[in-house]
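Me: I should like to discuss the ligand site and the cysteines of this structure. Please reason briefly and close each reply on what was asked.

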Amino acid sequence: MRKSKLERFAELDTFPNVLQNFNVLKPVVVNNQKEEVDPKGRWHSLIFGNEKPIVLELACGKGEYTCNMALAEPGKNYVGVDIKGNRMHRGAKRALLENIQNAFFLRTDINIIETFIGPGEISEIWITFPDPHLKTGKHLKRLTSPRFLAKYRNILQPDGIIHLKTDDPTLYEYTLEVIASEGHRLLYADHDIYAKPLPEPLLEIKTYYEGMHLAEGRKIKYVKFQLSLLNE
Ligand SMILES: C[S@@+](CC[C@H](N)C(=O)[O-])C[C@H]1O[C@@H](n2cnc3c(N)ncnc32)[C@H](O)[C@@H]1O
């Protein structure tokens with residue numbers, strides 16, 4: 001029988017592959033022993049116990065990218081980040097059941113991501129089907145807005161790569177405009193990735209929201225870029 005939301009929250013609290021922040025005003029994360037943990041600057045040593053590159057999936061939802069990328073690329077570590085525990089429950093449980101040791105989950109508001117991740121700890125960021133925030137005046141909430149890119153700069157290696165996968169034409173065009181206006185380095189962009197051979201095998205992975213968008217006949221878009229160097 002399908003678990004209720006409350007049951008999923010309660011089970012998530014017991015998972016050893018999850019750290020959770022419950023309140024942005026109290027920026028601490030706790031583990032499954034209810035202990036406060038400070039992972040900032042210690043993801044390799046404390047969480048993964050190895051020095052493999054760490055890749056984030058932001059807005060990970062049910063964690064399809066986090067789990068499937070971790071399986072496809074065992075030479076990297078993956079961290080799914082989302083605020084919604086009931087969605088994250090799916091990915092974190094799958095990682096435990098399938099013993100995906102290079103996948104981990106961080107439940108937090110991405111607005112405070114720098115509280116939990118140190119400078120240069122991350123080699124790549126995937127942003128998968130984030131909310132496009134189409135209402136007037138809400139564009140600063142977009143996960144590719146300059147405000148969020150400034151946060152990513154604080155946790156990414158200087159040559160780190162950011163990938164955006166979206167169905168939303170406004171968010172796609174907006175992201176390209178931000179990249180151009182801020183002088184970031186566009187590596188690839190396509191407004192309809194499944195119309196031709198994929199430039200990147202990991203794009204084969206489909207998320208929950210992507211499945212719904214494809215069923216509605218929407219075109220899937222992809223942008224890959226690097227942040228400008230500060231002296232560029
Ligand atoms: C449209 S869903 C996409 C989920 C998943 N990537 C997929 O494709 O199925 C957007 C996700 O972003 C998360 N999200 C939005 N803003 C967030 C924020 N500031 N911090 C953390 N998660 C956020 C939501 O909780 C939600 O799970």
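Reply: A residue counts as buried when its relative accessible area is under 20%. The model discussed here is predicted.

Me: Is Cys67 buried or exposed?

Reply: The cut-off for a buried residue is under 20%. The relative accessibility of Cys67 is 0%, so Cys67 is buried.

Me: How many disulfides are there, and why does Cys60 not bond to Cys67?

Reply: A disulfide requires two cysteine sulfur atoms within 2.5 Å. For Cys60 the closest cysteine sulfur is that of Cys67, and a bond is ruled out because the two are 8.8 Å apart, which is too far. Cys60 is itself buried, at 3% relative accessibility. The number of disulfides is therefore, by the 2.5 Å rule, zero.

Me: Which residues come nearest to the ligand?

Reply: The ligand has 17 residues around it. This shell comprises seven nonpolar, five polar and five charged residues. Those that come nearest are Ala59, Asp82, Arg87, Thr128 and Thr207.

Me: Which ligand atom does the polar side-chain atom of Asp82 approach, and how much of the ligand does the protein bury?

Reply: Asp82 places a polar side-chain atom 2.6 Å from an oxygen atom of the ligand. Backbone N or O atoms also approach ligand nitrogen atoms, at 2.6 Å in Ala59 and at 3.2 Å in Ile83. Of the 590 Å² that the ligand exposes when taken alone, the protein buries 91%.

Me: Which pocket corresponds to the space taken by the ligand?

Reply: The ligand is surrounded by 17 residues. The space that the ligand takes is the largest pocket.

Key
Residues are numbered from 1 along each chain as its sequence is written. This is a predicted model: local features need pLDDT of at least 70, side-chain atom pairs count only at pLDDT 80 or more; totals for chains, interfaces and linings use all residues. Side-chain values use heavy atoms; hydrogens and water are left out. A residue is near a molecule or strand if one of its heavy atoms lies within 4 Å of it. A polar contact is a pair of N or O atoms within 3.5 Å; within protein, one must be able to donate a hydrogen and the other to accept it, and residues adjacent in sequence count only if both atoms are side-chain atoms. Accessible areas come from the Shrake-Rupley method with a 1.4 Å probe; for residues, only the protein chains shown count as cover. On a 1 Å grid over the protein atoms alone, a cavity is a set of points where a 1.4 Å probe fits but cannot get out, and a pocket is an open set with protein on both sides within 12 Å along at least five of seven lines; lining residues have an atom within 4 Å of a point. A molecule sits in a cavity or pocket if more than half of its atoms lie within 2 Å of its grid points. Ala, Val, Leu, Ile, Met, Phe, Trp, Tyr, Cys and Pro count as nonpolar, Asp, Glu, Lys and Arg as charged, and the others, Gly among them, as polar. Buried means under 20% relative accessible area, exposed over 50%, partly exposed in between (1.4 Å probe, protein chains only).
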